[in-house]
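Biologist: I would like to learn how to read a protein model. Could we go through it feature by feature?

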Amino acid sequence: MAYSKKMPFQYSSEEMLGVLWRHLFPSREVSLQQRLIELGIDHEINKVEYAEPRQATIGRSKKDFLVISSWNVRYSSHIDDVVQAIEKTPDLANSDVIALQEVDTSNRNGRKLPEELAEKTGFGYVHGTEFLLLGHNGVESNIANMLLSRHPLTDYEILRLNEGKYFRHNHGRFVGGPMAIKGKIVKDGREVVVYSTHLELKTTPYRRGKQLGEITEATDRYEFKPVIIAGDFNFIFDMIERPALKLVKGKGFEDPFGGQVRSTMNDTIGWILRAALDRIMSRGLRLIDTRIHYEVQCSDHYPITAVYRL
């Protein structure tokens, strides 16, 4: 099946050394406004794109249960496979909300994954820009975090992390920084707040913890509502991410994919380290089950699913 096409292991030794170097020596930070002015780019970086759901054409929503999935789709580099995986993988098709990361909303081949997913599934969506990929003629791609939902999304907004600072990557070709997109759904009469986030890889665990802290602090206003924080947290070693994990636990969040038990990465290094970069954290919900979809291999991350009792 196309959506199960085997991806080659992505990282050479040289690339892994590059990742280590960027961990030890993070990129210089600049403000968004300063960087966009420097580049002469006119882009609505904080604009939120929203589409209403239609009648869902895949899966079904089970009463009294909430199904949340999360997946980093690697810059939408295999659009057909991603769409087919969401259609054909039961847990993904039955999801109430799928948090997606590294979604290319303006693919260089003229295709737009959010619109194609909405057309194929009947789901609605909300997404916001994380990075801009620059080329000789300006912006080539708009990389976003996204919530794909069978239920209408309300109260949606972008939460800029790292105090609004932006990193420059790949000699300035990527301009952007960590963020979360938030939306609220109503399932069986109960409101649930969901975040899709992508924390910074090329920084220190301390700074990554601060980014997660900005999200958990934002959830304080939803003290009496269930909250989900899903996405690519870039937690390679739980041992060195202790400040962030302690913060999450202190805020009452459950982290079932943590503990260095199973990798969520589709590469050799991830398997060796049992790196659970992808997480679905919850507060105010009773966890029933979790799954990592190893059969879906069209990205360098596997999709993950958590099932809750409402």
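Biologist: Which residues gather in a patch of positive charge on the surface?

Modeller: This is a predicted model, and what follows is computed from it. The patch of positive charge is formed by Arg 60, Lys 62, Arg 286 and Arg 309. Arg 286 belongs to strand β14, which covers residues 286-292.

Biologist: Is Arg 286 buried or exposed?

Modeller: Buried means under 20% relative accessible area and exposed means over 50%, with partly exposed in between. Arg 286 has 52%, so Arg 286 counts as exposed.

Biologist: What is in the loop that follows, between β14 and β15?

Modeller: Glu 295 is one residue of that loop, and β15 spans 304-309. Glu 295 has a relative accessibility of 39%, so Glu 295 is partly exposed. Glu 295 also shows how sequence and space can part ways. Along the chain, Glu 295 and Thr 89 are 206 residues apart, yet 9.0 Å separates their C-alpha atoms.

Biologist: How do I read the chain as a whole?

Modeller: Start with the counts. The chain has 310 residues, and 55% of them are buried. There are 8 helices and 15 strands. Then look at the contacts. Of those with a separation of 6 or more, 76% are between residues 24 or more positions apart.

Biologist: How much area does the chain expose, and what share do carbon and sulfur atoms supply?

Modeller: The exposed area is about 13700 Å², and carbon and sulfur atoms supply 51% of it.

Biologist: Now a helix. Which residues of α3 are buried?

Modeller: Helix α3 runs over residues 79-88, and its buried residues are Ile 79, Asp 81, Val 82, Val 83, Ala 85 and Ile 86. The next step is to ask what they touch. They pack against strands β3 (65-72), β4 (97-104) and β6 (138-149), and against helices α4 (90-93) and α5 (113-121).

Biologist: The loop between β3 and α3 comes just before that helix. What should I look for there?

Modeller: Look at the backbone angle phi. Arg 74 is in that loop, and its phi is positive, about 50°, although Arg 74 is not a glycine. Ser 76 is in the loop between β3 and α3 as well. Its phi is also positive, near 55°, and Ser 76 is again a residue other than glycine.

Biologist: Are Arg 74 and Ser 76 buried or exposed?

Modeller: Arg 74 is partly exposed, at 26% relative accessible area. Ser 76 is buried, at 2%.

Biologist: What is the idea behind a salt bridge?

Modeller: Side chains of opposite charge can pair when their charged atoms come close. In this structure a search finds 16 salt bridges. One of them joins Arg 291 and Asp 91, with 2.9 Å between the closest N and O atoms. Arg 291 is in strand β14 and Asp 91 in helix α4, so this pair links distant parts of the chain, 200 residues apart. Arg 291 is partly exposed at 31%, while Asp 91 is buried at 17%.

Biologist: Which residue meets Glu 116 in a salt bridge?

Modeller: Arg 111 does, at 2.9 Å from N to O. Glu 116 is partly exposed, with 22% relative accessible area. Arg 111 is partly exposed too, with 27%.

Biologist: Which parts of the chain are tied together by the pair Glu 241 and Arg 208?

Modeller: The side chains of Glu 241 and Arg 208 meet at 2.6 Å, N to O. Glu 241 is in the loop between β12 (227-232) and α7 (242-250), and Arg 208 is in helix α6 (residues 205-218), so the pair ties together parts 33 residues apart in sequence. Glu 241 is buried at 0% relative accessible area. Arg 208 is buried at 1%. Salt bridges can also share partners: Asp 155, Glu 157, Lys 182 and Arg 221 are joined in this way into one network.

Biologist: Back to the surface. Which residues make a nonpolar patch?

Modeller: Phe 237, Met 239 and Ile 240 make one of about 290 Å². Ile 240 is in the loop between β12 and α7. Its relative accessibility is 40%, so Ile 240 counts as partly exposed.

Key. Residues numbered from 1 in each chain as written. Predicted model: local features only at pLDDT ≥ 70, side-chain atom pairs only at ≥ 80, totals over all residues. Heavy atoms only, no water. Patch = residues over 30% accessible without salt bridge, like charges linked within 9 Å, V, L, I, M, F, W, Y side chains within 5 Å. Areas by Shrake-Rupley, 256 points an atom, 1.4 Å probe, with all protein chains shown as cover. Salt bridge = Lys/Arg side-chain N within 4 Å of Asp/Glu carboxyl O. Lys, Arg positive; Asp, Glu negative; His and termini not counted. Charge placed at Lys NZ, Arg CZ, Asp CG, Glu CD. Helix = DSSP H or I, 4+ residues; strand = E, 2+ residues; numbered from the N terminus. Buried < 20%, exposed > 50% of the residue type's maximum accessible area, 1.4 Å probe, protein only. Contact = heavy atoms within 4.5 Å.
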